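Open the model in your viewer and keep the selection box at hand. Each stop below says what to select and what is there.

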Amino acid sequence: MDSVVDALILFTAVAAAGLFSKILKRLSLPLIQIAIGVIVSILVPMPFSSGINADILLLLFIAPLLFNESRHVDKAELWQRRNGVISPSFGLVVTIMVCVGFAIHGLIPAIPLAIAFAMGAAMGPTDVTAVVALMKDIRFGKRHEALLKGEALFNDVSGTVCFQCSLAVALTGVFAVSQAGELLAMDLVGGLLFGGICGVAAWFLMRVASDYLIDSPSAYVVLEMAIPFVVYLASEAMGIGSIIAVVCCGLVFSMMPKRQTPRTARMHVQSEGTWSTIEYLLNGIIFVVLGMQLPVVFDPMITTSMIEPAYLLFCVVAIVFLLESVRFIWVLCMDVVNAAHQGDSIKGCFGIKAIANDLAMTFAGTKGGVTLSLVLTLPGTLAFGESFILRPEAIFVVSGVILCTLLLANFAVPALVGFGEGDDKTHDSADSEIMLLGRTMVAIQLDSGRTGLAKDCKTPTVEPRLLDLLESTIPVGEMPRYFDRVDESATMIVLGRYSERIKELIPCASNTVKESAEAICNKVDSLYDRALRDQEKPKPTDKVEPQDRREAKQRKKTVLRDTKGAVSDIQEKAYVQQLKIIDSMMLKEELTAENAKELKNEIYLQQMIS
């Protein structure tokens, strides 16, 4: 029963973080989740207060998150940037391990060098959950975005291997290059091969199951969600890289051909919705648990630590500075090499905008769940039975680094790129979608006038041959004058749906489009209110009370059923018009191919759901 209560507390904490994120918009969701975790740890004693098992953290949280993210990563972009992904995934992790390891040993000589290297290796990997959360709000350049996602997927392997090698030295007192090479080969090569085989096997199993064994989309999703856990546990039993196996399995599984039928489409829609919920929940729990660890880690530092708390805080700041400096130099060198390879001027890499982008990518390399799970496995006893009495201090330092990198990502990255090029792209995307929705609404207006759905048209009905021309060329500034035609409830319901979406986009729109968009929404709202008032006016026949109340109730149900059917018909026609307008806007270069693809996919999904 206690475990159930603990789970409910975690779920409630994640839900509360989502609510507060709407109020505290300048704070990233991971930081809010950590803060709530701290509050929960203080108010409600839980089993996590004594520490969380690192193996459980990797199995239950990291494995499914990496599997889901690897399924959605852009494979073509990842392959095109493969050299840029490999460089930070392996070279940068080893460099950070060496530099940070020597720095930790120099700052705190009582920490053995092997343990210091292990701590540096734990701080090498970039946290995929934090990077994905950051990508939703910040727009990096296309190249940097691909590099960040690829790095976050693959550097867990190199970080884990380096950590294990350093830990082996600390526990045995012996370092063998051949042993480290064998461990790296088993983890990397073995994980890649086994993950690829599992990806093909999982694809074949899911195809057979969906064709012959499973009728329910829910059962299909449950079977699909079991894949990362099975792959992880099998890899651990074989002694090969479990993390890389899960990532490779997800990549191969997503690249295999899929059948495009209405049945598989429904399964795909339900799968994406379920995975989205699970991803949000697991991400939230990781950072809530991290927040719950902070009071446990920080309290001994204040009361019983052998080292002054102020000096430990100085060590955290110094290590963060060194960590970010090494990462920045590495990113800058990658840009110089890329410019030389592309034949561009190397001087461009040292411009203000280029440096700002490099700094943003540097600070985006946050540490999180993998770093926490690795450092929690630091032993209390070293080689020859020597006691590692500074283990709490070591965990404190690494936890402080995790928190500082999250703070830098939250405040520094938006200041560097969030209010520059990224905002312009957001304006362009919002303006294009508002223009698309407005033209679709005008098409609904014109179509309602021609079919007689509008009973009180103040604007003359447009001839059918002019409908296609108007719906694809009318500027957004002229749209509001068309919204005084409709007084029919079913059409107003559909227009209201599009109006609500425009209201969501208005804060992101440019000033020129924002004014027209607000005018459209105001006109639709006034029409909707007028339609409701007209519908509520008593009719002559309504003055007589029906003798049979059941007959009146049945008539009301019939009207509601007819309205529902009319709404579905009008909405389906609107989808068709919307697809035509998207193609027209692409031809006129008013909409990019990427945005057009996203908008079309949304329409297809809505059609399947409805």
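Begin with the whole chain. Of its contacts (heavy atoms within 4.5 Å) between residues at least 6 apart in sequence, 81% join residues at least 24 apart. The secondary structure comes to 23 helices and zero strands. Here helices (H or I, at least four residues) and strands (E, at least two) are DSSP runs, numbered from the N terminus. Buried residues (under 20% relative accessible area, 1.4 Å probe, protein chains only) make up 48% of the 610 residues.

This is a predicted model, where local features need pLDDT of at least 70, side-chain atom pairs count only at pLDDT 80 or more, and totals for chains, interfaces and linings use all residues. Residues are numbered from 1 along each chain as its sequence is written, and side-chain values use heavy atoms, with hydrogens and water left out.

**Stop 1: α2**

Select residues 29–43, helix α2. Its 15 residues should span 21 Å at 1.5 Å a residue (1.5 Å times one less than the number of residues), and the end C-alpha atoms are 21 Å apart, which agrees. Now colour its buried residues, among them Leu31, Ile34 and Val40.

**Stop 2: α5 and α14**

Select residues 82–107 for α5 and residues 309–342 for α14. Their axes are 10 Å apart and the helices pack at about 150°. Axes are lines fitted to C-alpha atoms, for helices over the stretch in contact, and angles run from 0 to 180 degrees between N-to-C directions. The pair is therefore roughly antiparallel (over 145 degrees). Show the side chains where they meet, including Leu92 and Ile96 in α5 and Phe314 and Leu322 in α14. The residues of this contact divide into 18 nonpolar (Ala, Val, Leu, Ile, Met, Phe, Trp, Tyr, Cys and Pro), four polar and one charged (Asp, Glu, Lys and Arg; the others, Gly among them, are polar).

**Stop 3: Ser87**

Stay in α5 and pick Ser87. Is Ser87 buried or partly exposed? Ser87 is partly exposed (from 20% to 50%), with a relative accessible area of 22%. Beyond its neighbours within four places in sequence, Ser87 is in contact with Leu92, Trp330 and Met334. Add Asn155: its C-alpha atom is 9.7 Å from that of Ser87, though the two are 68 residues apart along the chain.

**Stop 4: α11 and α12**

Finish with residues 227–238 (α11) and 242–255 (α12). Their axes come within 8 Å and cross at roughly 140°. The two helices are therefore oblique (outside under 35, 65 to 115 and over 145 degrees) to each other. Val231 and Tyr232 of α11 are among the residues making the contact, as are Val246 and Phe253 of α12.
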